[in-house]
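Reader: I have a chain in front of me and would like to learn how to read it feature by feature. Could you take me through it slowly?

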Amino acid sequence: MRLNPLAAPTLARPTILRYKDPMSAKTKKTLTQRPTAEQVEALCRKNQTPVDSATAERLCVYLELLVKWNQRCNLVGPYPWQQILLELVLDSWHLAAFLQKLQLPDKPVCLDLGAGAGLPGIPLRMLWEVGSYRMVELREKRTIFLENALARLKLPDTRVLRMDAGLALAEHAPVDLVLSRAFMPWEKLLELALPHLAPAGVIIFMSNDPLPELLPVRWKRLDASEYAAADKLRFLWALSPVPAKD
């Protein structure tokens, strides 16, 4: 039989691959469960970080929003609210205590760079209400989430800035306090922030590593602390620029 070269070739029937979701229905239900204020208060108390009922209510609202939005845009990974509270949110309690030890202005200008899902900033502002606090985030979905959370929580003088970190630092200079949680390598952030800090400005790093012994020439250690979370040690560093010599 002669073959017609213009005839369409006969194609094998394609195999249709169907995605099998490895997550069980029980796991999905756990990840989408929303807490009550009583549950939040009880878990905080069990973790030896007690909160009053008003703070528990605010945390409950924030956790509800995180769980809801996390299903759409993966803000913090596939975790139930209990794990989010213990491993991410309660870091802010340690940070608030750390900040209270520092000598900051009465109304400091604070920038939280790479604010993401509002950690540590949103829980922090429930505890530490000093000065103005700006959460700097460039990614659109995260800024929309942050704005929704702030609209619900009414935190004092706390706003979202959707802009580049360098631009935010320049526009708000002189900045009294910069917070960084895994935003960029710490040495690079020191270079970026230095021209925009107040003379006694402070940068705080939330890190999984202790403060290095050797710091860049223009920087000095103010304080450092460590605490346990999720069976691991976490660290807080406070650095400040060395005054320039005349």
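**Reading the chain**

Author: Let us begin with one residue, Ala-198, which is buried, with a relative accessible area of 10%. Here buried means under 20% relative accessible area, exposed means over 50%, and partly exposed lies in between, with a 1.4 Å probe and protein chains only. Before going on, note that this is a predicted model, in which local features need pLDDT of at least 70, side-chain atom pairs count only at pLDDT 80 or more, and totals for chains, interfaces and linings use all residues. Residues are numbered from 1 along each chain as its sequence is written, and side-chain values use heavy atoms, with hydrogens and water left out.

Reader: Where is Ala-198 found, and which residues does Ala-198 touch?

Author: Ala-198 is found in strand E5, residues 197-207; helices (H or I, at least four residues) and strands (E, at least two) are DSSP runs, numbered from the N terminus. A contact means heavy atoms within 4.5 Å, and, not counting residues up to four places away in sequence, Ala-198 touches Pro-174, Val-175, Asp-176 and Pro-241. The C-alpha atoms of Ala-198 and Pro-174 are separated by 4.6 Å, although the two residues are 24 apart along the chain.

Reader: What kind of peptide bond leads from Ala-173 to Pro-174?

Author: That bond is cis, with omega near -5°, and Pro-174 has its place in the loop between helix H8 (165-172) and strand E4 (175-181). A cis peptide bond also joins Leu-119 and Pro-120, where omega is about 15°; Pro-120 lies in the loop between strand E1 (109-113) and helix H6 (121-127).

Reader: Which residue in helix H5 touches Pro-120?

Author: One such residue is Ser-92, found in helix H5, residues 91-100, and Ser-92 touches Pro-120, Pro-123, Leu-124 and Leu-127, again leaving aside residues up to four places away in sequence. Ser-92 counts as buried because its relative accessible area is 0%.

Reader: How should I read a salt bridge, and how many does the structure hold?

Author: The general idea is that side chains of opposite charge can pair when their charged atoms come close. The term salt bridge is used for a side-chain nitrogen of Lys or Arg within 4 Å of a carboxyl oxygen of Asp or Glu, and the structure holds five of them. In one of these, Arg-181 pairs with Asp-91, the closest N and O atoms being 2.5 Å apart; this pair links distant parts of the chain, with Arg-181 in strand E4 and Asp-91 in helix H5, 90 residues apart.

Reader: Which other residue meets Asp-91 in a salt bridge?

Author: The side chain of Arg-234 meets that of Asp-91 at 2.7 Å, N to O. Arg-234 lies in strand E7 (residues 232-241) and Asp-91 in helix H5, so this pair ties together parts that are 143 residues apart in sequence. Asp-91, Arg-181 and Arg-234 are thus linked in a network of salt bridges.

Reader: Are Asp-91 and Arg-234 buried or exposed?

Author: Asp-91 counts as buried at 2% relative accessibility, and Arg-234 counts as buried at 14%.

Reader: Which residue forms a salt bridge with Lys-101?

Author: Lys-101 pairs with Asp-223, with 3.4 Å between the closest N and O atoms. Lys-101 is in the loop between H5 and E1, while Asp-223 is in strand E6 (residues 219-229), so that the pair links distant parts of the chain, 122 residues apart. Asp-223 counts as buried, at 18% relative accessibility.

Reader: What can a phi value tell me about Gln-48?

Author: Gln-48 has a positive phi of about 65° although it is not a glycine. Gln-48 is found in the loop between helix H2 (37-46) and H3, and at 71% relative accessibility Gln-48 counts as exposed. Ala-182 is another residue other than glycine with a positive phi, near 55°; Ala-182 lies in the loop between E4 and helix H9 (186-193) and counts as exposed at 75% relative accessibility.

Reader: How many helices and strands are there in the chain, and how much of the chain counts as buried?

Author: There are nine helices and seven strands, and 46% of the 246 residues count as buried. Among contacts between residues at least 6 apart in sequence, 67% join residues at least 24 apart.
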